[in-house]
Amino acid sequence: MPQPHSPHDCPSFAPIAEEFGTPLFVYDTETIAASYHLLRTGLRPSVDVFYSLKANPNISVSAFIRSLGAGAEVSSETELATALRAGFAPEDIVFLGPGKRDAELEACVRADLRAVVCESLGELRRLDAIAARHRRPEPVPVLLRINPAFSTAGSGLAMGGRPRQFGTDTEVLLGARELLAELRRVRVTGVHAYLGTRYLQDEPVVRNTLGILAEAERLARTLGIPLETVDFGGGVGVAYFDNEKDPDTAAVVDGVNAAVDAFGREHPGCRFIMEAGRCLTAAGGTYVVRVLDVKESMGEWFAVADGGTNHHMAAVGVGSFVRRNFPIRVLDRPGEPVAGRYTVTGPLCTPQDVLGRRVALPAVSPGDLLGVGLSGAYGPTASPGLFLGHGYPAEVLLHAGRAHLVRRRDTVEDLLSPQRLVEL
């Protein structure tokens with residue numbers, strides 16, 4: 001996937017920071033578009049690319065990706081509302097997630113989506129009952145999320161192939177023909193599976209696709225269900241760290257195309273969904289912080305910034321056995337030689353608030369702007385933004401040379417207004 005701009009072809013972050021303050025996230029639509037087109041242009045027309053809003057649910061980012069031609073994959077009522085307000089057509093949205101509340105299922109029924117992905121037989125029954133209460137003229141289209149017995153190595157986060165809260169074991173579904181026949185207000189139109197994320201090689205993505213298509217064929221034959229849609233997930237990753245390489249997108253596309261070509265010959269009306277989140281937005285984002293203090297402690301230099309893991313928890317290395325750094329650079333003095341190593345921290349009262357350990361940087365001074373690259377995915381909404389009451393940062397969309405504020409930073413009143421002071 002595309003790499004972030006080098007410091008020499010980046011716009012100056014100084015005026016953006018001056019106008020909107022720090023800390024803030026800056027998202028570059030040019031890089032996001034390049035990431036999308038790299039995936040989209042090679043895939044067969046029968047494969048729809050659906051953007052996973054969980055990666056970055058900012059409504060303007062979502063609307064821009066919709067303008068490129070993507071569908072949307074959502075996992076909450078708020079994400080559904082975001083997708084609809086961002087302009088995604090209901091028929092281009094699928095809703096999934098292992099713990100859907102009745103209110104969320106009702107919202108899906110009202111919205112008339114492409115499909116609701118049901119994660120259990122119990123959820124399937126609940127959706128059928130809710131759809132009956134709403135007296136829909138047409139049954140609700142449903143994809144059965146499967147948890148197949150096989151797994152594929154190479155994922156940064158495995159989500160199938162073993163006991164999981166996601167989906168229903170294939171062997172359980174194979175015995176559910178009578179239950180499916182009893183449903184009146186839902187109609188199973190295909191299957192869904194998502195087995196892992198952050199794959200950095202093409203082979204695991206292709207193996208997963210082949211395995212999921214084989215499971216879909218087995219279920220369709222045994223249960224007598226149509227295969228109008230097969231969502232085989234995706235999980236294409238991004239190389240965050242020095243010892244990693246970005247996946248070979250061309251090889252991923254070629255392998256997926258070969259798999260769907262063979263499957264499509266047996267099921268000519270079937271459409272496929274490939275989910276993409278991190279690989280679309282990560283490279284387009286920079287987390288910008290301002291250095292407040294520089295100090296030495298027992299031989300180690302620290303650059304203390306005004307933002308940290310409260311906005312960018314991914315940078316702390318959660319889920320990694322070895323703590324590694326996202327790319328970090330001094331933004332307002334590009335090209336200066338490395339002068340030393342600095343541990344970059346935020347304002348939180350916890351030793352875990354570290355954006356980067358012993359990062360090689362030019363001489364750092366208070367007031368400098370630092371940029372954490374590859375920060376367009378799993379940033380503010382995947383972080384403890386309310387910790388210590390700092391609140392969530394501003395978010396800015398850089399498009400056609402102009403910077404647009406797409407989320408203002410939280411104020412003290414924003415944080416306190418939902419609370420109620422009880423007189424005791």
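In the predicted model, helix 4 (residues 77-85) packs against helix 5 (residues 102-111) with an interaxial angle of about 25° and an axis separation of 9 Å. Angles under 35 degrees count as roughly parallel, so helix 4 is roughly parallel to helix 5. The contact involves Glu77, Leu80 and Leu84 from helix 4. On the helix 5 side, the residues met are Ala103, Glu104, Ala107, Cys108, Arg110 and Ala111.

Confidence was examined next. The protein chain has a mean pLDDT of 92, and 92% of its residues reach 70 or more. Over residues 2-8 the pLDDT falls below 50. This stretch has 17 contacts in the model beyond near neighbours in sequence. Residues 153-159 also have pLDDT below 50. For residues 153-159, 23 contacts are found beyond near neighbours in sequence.

Strand 11 spans residues 229-234 and is mostly covered, with six of its six residues buried. Strand 11 pairs with strand 9 (residues 186-192) through three bridges, and the two run parallel. Here His192 stands opposite Asp231 of strand 11. Strand 11 is also joined to strand 12 (residues 271-276), by four bridges and again in parallel. Asp231 has Ile273 as its bridge partner in strand 12. Asp231 thus links to His192 and to Ile273. The connection from strand 11 to strand 12 includes helix 10 (residues 249-266), and the three elements form a right-handed β-α-β unit.

Two loop residues were then considered. Asn56 sits in the loop between strand 2 (47-52) and helix 3 (59-68). Its relative accessible area is 4%. Buried means under 20%, so Asn56 is buried. Leaving aside neighbours within four places in sequence, Asn56 contacts Tyr27, Tyr51, Val61, Ser62, Thr281, Gly376 and Glu395. Among these partners, Tyr51 falls within strand 2 (47-52), and Val61 and Ser62 within helix 3 (59-68).

Gly379 occupies the loop between strand 18 (369-372) and strand 19 (394-399). Gly379 is buried as well, with a relative accessible area of 4%. Outside the neighbours within four places in sequence, Gly379 is in contact with Phe25 and His311. Glu79 lies 300 residues from Gly379 along the chain, and the C-alpha atoms of the two are separated by 16 Å.

Technical notes: Residues numbered from 1 in each chain as written. Predicted model: local features only at pLDDT ≥ 70, side-chain atom pairs only at ≥ 80, totals over all residues. Heavy atoms only, no water. pLDDT = per-residue confidence, 0-100. Contact = heavy atoms within 4.5 Å. Buried < 20%, exposed > 50% of the residue type's maximum accessible area, 1.4 Å probe, protein only. Pairing = 2+ DSSP bridges. Right-handed = clockwise from strand over helix to strand, strands pointing away. Axes fitted to C-alpha atoms, helices over the stretch in contact; angles between N-to-C directions. Parallel < 35°, antiparallel > 145°, perpendicular 65-115°, else oblique.
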